[in-house]
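Visitor: I'm new to this one. Could you show it to me and let me ask how you know things?

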Amino acid sequence: MSAFTRAMLPLVALGIGTWVGLGRPNLKIAGARAVAPGGHEAHRGVTSAVPALEREPTTVDAAAIPDPARPWPQLNPESSAERAWLVTEGPAHPPGDGRRLVTFTFDDGPFPETAPTLLRILDDHKIRATFFFIGEYLVGNDRRAAETREWARRIVSAGHYIGNHTLTHRALTGLPHAAALAEIDDSAAAIERATGTRPWLFRPPYGAVDPWLEGALRARRLELLLWNVDVQDMKRADPDEIFRSLQEQLGYKQGGIVLLHDVHWPSVKAFNRLVRWLNADKWDSTHPERRGWDIVNLAEYLRATAESPQPYATRDELEHARKVVVPLDRNRPER
């Protein structure tokens with residue numbers, strides 16, 4: 001076997017795995033990826049042509065799902081991290097309410113290699129997700145930056161929400177204040193230049209927030225959005241393992257704000273499978289007392305939370321209550 005053949009074998013295997021898991025990929029966007037320290041993909045320097053979508057999104061219409069008037073439900077006007085964690089847990093469920101809400105968020109993109117497939121899945125299931133962009137991927141005159149900006153625009157035009165995930169994905173609480181502000185503001189500017197929309201949703205890397213940062217977010221009128229379902233997908237290479245962990249966490253939490261990373265192929269595969277599983281046990285409004293899943297956009301999730309807030313002061317109190325009475329659907333079998 002020649003050296004060239006040996007070198008190509010891993011790429012062939014990766015391509016076959018992608019076809020099996022999600023359908024044939026667009027070969028124009030297959031590119032090498034390096035893993036940066038901390039497990040995040042080193043995206044810059046990978047070049048490829050900007051492909052057309054497999055088809056342009058038609059079923060997710062931003063005009064048909066208008067954004068609520070600003071501000072959104074005032075669930076966390078102080079940008080408190082403690083309050084933000086509780087808000088992610090979603091609405092309380094009174095007797096007779098079987099509706100279990102799920103909304104999806106994707107961090108660390110945009111990523112042109114996975115964007116066509118992910119947008120297709122979202123379009124197929126009429127899901128409006130929320131994407132938290134890293135600003136530095138949108139900056140520059142090289143081909144890769146131009147390609148990434150194009151996908152950012154396509155995500156926005158497909159009707160999905162976007163948020164700021166800082167410029168370089170550094171933990172803000174470990175930076176000098178001036179550097180932390182630059183991470184927020186420079187990323188916001190890059191996202192606005194690329195998409196024409198200045199993000200007002202903000203998600204700090206690693207969920208790291210301190211009192212000073214809370215004040216900085218309030219001053220910028222940014223909505224601090226965290227998550228309550230996290231399976232550490234970037235540390236896992238097996239889509240089935242990611243999927244099973246998502247099932248378990250959603251069953252235990254009875255829904256929630258799901259954190260996934262659209263830069264990670266196994267996560268996209270697991271997401272595709274999870275959506276089918278959720279829809280197979282979909283909540284039926286004609287029998288509202290029966291437990292079932294309802295995939296909603298972030299605005300709907302927050303509205304429902306505002307209308308039926310959790311009767312706890314902190315997430316720790318809620319978690320204690322869960323441990324006393326374990327939800328019956330925690331170990332619900334796969335369909």
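Guide: Let's start at one helix end, keeping in mind that this is a predicted model. D142 caps the N-terminal end of α4, with a side-chain oxygen 3.2 Å from the backbone nitrogen of R144.

Visitor: What makes that pair of D142 and R144 atoms a polar contact?

Guide: The cut-off is 3.5 Å between N or O atoms. The oxygen of D142 and the nitrogen of R144 are 3.2 Å apart, within that limit.

Visitor: How do you know that the span of α4 agrees with what a helix should have?

Guide: Count 1.5 Å a residue: the 15 residues of α4 should then span 21 Å, and its end C-alpha atoms are 21 Å apart, so the two agree. Just after α4, G159 takes a positive phi of about 95°.

Visitor: Why are W151 and I155 of α4 called buried?

Guide: Buried means under 20% relative accessible area, and W151 and I155 are among the α4 residues that meet this, as are R144 and E147. The buried residues of α4 pack against α3, β4, β5 (161–164) and α5.

Visitor: Which residues touch the most other members of the largest nonpolar core?

Guide: F104 and F271 do, in a core of 37 residues. α4 (143–157) is one of the elements giving two or more residues to this core, and α8 gives the most, with 8.

Visitor: What does F271 touch, leaving aside residues up to four places away in sequence?

Guide: F104, F106, L118, I121, L122, I127 and L260. There's also a second, separate core of 32 residues, including V87, L101, A180 and Y301.

Key
Residues are numbered from 1 along each chain as its sequence is written. This is a predicted model: local features need pLDDT of at least 70, side-chain atom pairs count only at pLDDT 80 or more; totals for chains, interfaces and linings use all residues. Side-chain values use heavy atoms; hydrogens and water are left out. A nonpolar core is a set of buried Ala, Val, Leu, Ile, Met, Phe, Trp, Tyr and Cys residues joined through side-chain atoms within 4.5 Å. Buried means under 20% relative accessible area, exposed over 50%, partly exposed in between (1.4 Å probe, protein chains only). Helices (H or I, at least four residues) and strands (E, at least two) are DSSP runs, numbered from the N terminus. Contact means heavy atoms within 4.5 Å. The expected span of a helix is 1.5 Å times one less than its number of residues. A polar contact is a pair of N or O atoms within 3.5 Å; within protein, one must be able to donate a hydrogen and the other to accept it, and residues adjacent in sequence count only if both atoms are side-chain atoms.
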